[in-house]
Structure formats: C-alpha cells, structure tokens
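Subject: Structure handover

Hello,

Here is the structure I promised to pass on. Please open it alongside this message.

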Amino acid sequence: MLKITPYLGILVLIVSIFGFIFPILGYLVPLVFLILLLIAPFRGRWFCGNLCPRGSFVDFWLDKITRNLSIPNILRSYWIRIPVFITLMGFMGYRLILTDGLIHQVGMIFVIMCAFTTAVAIIFGISIAPRTWCTFCPMGTVQRVIGSEQFQLKIDKDKCIECKKCKKICPMQIDVNSPNLRKDCIKCERCINKCPTVALEF
Ligand code: SF4
Ligand code: SF4
Ligand code: SF4
C-alpha cells in the first residue's frame, strides 16, 4: 500500500457527514469512480488496496472493533454481486433522472449513496470482517471484471512452505493458491511483506 493509504478513510466520513450540509462534496464519489475505471484495465483492483477512501476506512477504523470472522464465500459470488450492482446502480440512476440537473441535487444523491453504502460497510465490517463489503461492492466487482488478469500476484510454489501467514494477514482473506480468489486481490502487498520465504511477488 501507499504511505497515504491509511489516511484516506477520513474522506469517507467527511462526505458522509458534511455532505448533507455541503452536497458539492458528493462529487468526490464520481471522481473516485473515474479514477478506479482508469486504473482497473492496467492494475485490476489496485485502487481498492491503495487509494479507495472506504477501503482505507474499513481497514484502519474498524480493525479494533471487528469480530474478524471468515467472510462467507457466498458474498464473493456473482449471485450476490450482480443483484447488488444492479440494485445500487439502478437506484442511483433512477434518482439522477428525477433531478432537475441542479448541482446540489445531483451532489446530494452521491452523498446519500456514499453514506448508505458506508453504513452497510460498517455493519458488515464489524459483524464479520473489515473488508466484507469489498467482496461484493459494485465498484470492486467492476474492477475485477475489467482487470482481473492484470498485475497478478505470483506464487513460487517451490519456495512456499504452506505456513498460511499470507492468508491470515490478507484483508480480503484470499488463499493465494486459489486463482479465482486471487482475482479479487487488492494489491496491498501485505502478504508479500509477511511471507517468510519470499515466495510471493507481483
Ligand atoms: S471494493 Fe469498493 S469500497 Fe472496497 S476498496 Fe474497492 S471500491 Fe472501495
Ligand atoms: S506466507 Fe509465503 S510461505 Fe507462507 S503460505 Fe503464504 S506464500 Fe507460502
Ligand atoms: S493476496 Fe496479498 S496483495 Fe492481495 S489482497 Fe491479499 S494481502 Fe493484499
């Protein structure tokens, strides 16, 4: 992760709280969408592990209060991800169509989306594990679809001693030996830094 990553979470609180007074803050949401869409074709879900304010928020604000349980695999499946994507994007699109195009009205819709999804992320983050929301977040799914083959984590099986330290440290609870799970790797590099035999690299 980047040096700035742990500090980005504050942006989520600023938008989700002060956005109701200053709706213009909501425009940070489409800006985030745009940045991740530009990065995903080259780096997959790198944005999630390095630049996403909500990813930073759940990682560094919830880590002391989470139950830290295993994230149920069903939440990673497209059976959950696609309906969540359609519901949230459909709702946002519908609300945007109903506005008169006024800047503050549009901004407020983004603020409401940010506050709602942050509340959901907090509930899942505390009751299961910090990054639970990130297993089915629509923007995470988009990045997976666009760039899952890019910038992949490689494992040197000759060096691996199966100590599982990488899985324990991974915020997405990814088993590095599972190609399907690795598509949701957020490129935070925590496993690389933890691996005692230097078996992992990008
Ligand atoms: S999955 Fe969504 S909330 Fe989580 S880090 Fe990625 S874009 Fe941010
Ligand atoms: S931390 Fe390294 S050695 Fe241990 S299981 Fe993971 S890849 Fe293998
Ligand atoms: S597999 Fe490694 S780089 Fe990928 S999300 Fe997990 S800890 Fe981060």
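Below is what I found, grouped by site.

Please keep in mind throughout that this is a predicted model.

**Salt bridges around D184**

The count of salt bridges comes to six. Three of the partners to look at are R45, R81 and R144, which join D184 in a network of salt bridges.

Start with R45. Its side chain meets that of D184 in a salt bridge, at 2.7 Å from N to O. R45 lies in the loop between α2 (28-43) and α3 (46-50), and D184 lies in the loop between α9 (179-182) and α10 (190-194), so this bridge ties together parts that are 139 residues apart in sequence. R45 and D184 are both buried.

Next comes R81. The closest N and O atoms of R81 and D184 are 2.8 Å apart, and the two form a salt bridge. This pair also links distant parts of the chain: R81 belongs to helix α5 (residues 78-98), D184 to the loop between α9 and α10, and 103 residues separate them. R81 has a relative accessible area of 0%, so it is buried.

Then R144. D184 forms a salt bridge with R144, again with the closest N and O atoms 2.8 Å apart. R144 sits in helix α7 (residues 138-147) and D184 in the loop between α9 and α10, so the bridge ties together parts that are 40 residues apart in sequence.

Why do D184 and R144 count as buried? The cut-off is under 20% relative accessible area. D184 is at 2% relative accessibility, so it counts as buried. R144 is at 7%, so it counts as buried too.

As a general point, side chains of opposite charge can pair when their charged atoms come close.

**Aromatic cluster**

The structure holds five aromatic pairs. Two of them share F136.

In the pair of F124 and F136, the ring centres are 5.3 Å apart and the planes stand at 75 degrees, so the pair is edge-to-face. The cut-off behind that label is over 60 degrees between the planes. F124 lies in helix α6 (residues 103-127) and F136 in the loop between α6 and α7, so the pair ties together parts that are 12 residues apart in sequence. F124 has 25% relative accessibility, so it counts as partly exposed. F136 is at 5%, so it counts as buried.

The pair of W133 and F136 is edge-to-face as well, with 5.2 Å from centre to centre and 70 degrees between the planes. Both W133 and F136 are buried. Ring pairs thus link F124, W133 and F136 into a cluster.

**Ligand 2**

Which cavity does the space taken by ligand 2 form? That space is the largest cavity. The residues surrounding ligand 2 are I155, C160, I161, E162, C163, K164, C166, C195, P196, T197 and L200. This shell divides into eight nonpolar residues, one polar and two charged.

**Ligand 3**

Ligand 3 sits in the second largest cavity. Around ligand 3 are L153, C170, P171, C185, I186, K187, C188, E189, C191 and F202. Here the shell has eight nonpolar residues, no polar ones and two charged.

**Positive phi**

Two residues deserve a look at their backbone.

E189, which is part of the shell around ligand 3, has a phi near 70 degrees, a positive value in a residue other than glycine. E189 is found in the loop between α9 and α10. That loop also holds D184. At 32% relative accessibility, E189 counts as partly exposed.

F151 is not a glycine either, yet its phi is positive, at about 50 degrees. F151 lies in the loop between α7 and β1 (154-155). Its relative accessible area is 24%, so F151 is partly exposed.

**Where to look first**

I would open the view on D184, with R45, R81 and R144 linked to it in the salt-bridge network. Then turn to the cluster of F124, W133 and F136. Finish with ligand 2 in the largest cavity and ligand 3 in the second largest.

Best wishes

Methods. Residues are numbered from 1 along each chain as its sequence is written. Chains are lettered from A and ligands numbered from 1 in the order in which they are written. This is a predicted model: local features need pLDDT of at least 70, side-chain atom pairs count only at pLDDT 80 or more; totals for chains, interfaces and linings use all residues. Side-chain values use heavy atoms; hydrogens and water are left out. A residue is near a molecule or strand if one of its heavy atoms lies within 4 Å of it. On a 1 Å grid over the protein atoms alone, a cavity is a set of points where a 1.4 Å probe fits but cannot get out, and a pocket is an open set with protein on both sides within 12 Å along at least five of seven lines; lining residues have an atom within 4 Å of a point. A molecule sits in a cavity or pocket if more than half of its atoms lie within 2 Å of its grid points. Ala, Val, Leu, Ile, Met, Phe, Trp, Tyr, Cys and Pro count as nonpolar, Asp, Glu, Lys and Arg as charged, and the others, Gly among them, as polar. A salt bridge is a side-chain nitrogen of Lys or Arg within 4 Å of a carboxyl oxygen of Asp or Glu. Helices (H or I, at least four residues) and strands (E, at least two) are DSSP runs, numbered from the N terminus. Buried means under 20% relative accessible area, exposed over 50%, partly exposed in between (1.4 Å probe, protein chains only). Rings of Phe, Tyr and Trp (its six-membered ring) pair if their centres lie within 6.5 Å; planes under 30 degrees apart count as stacked, over 60 as edge-to-face and the rest as tilted.
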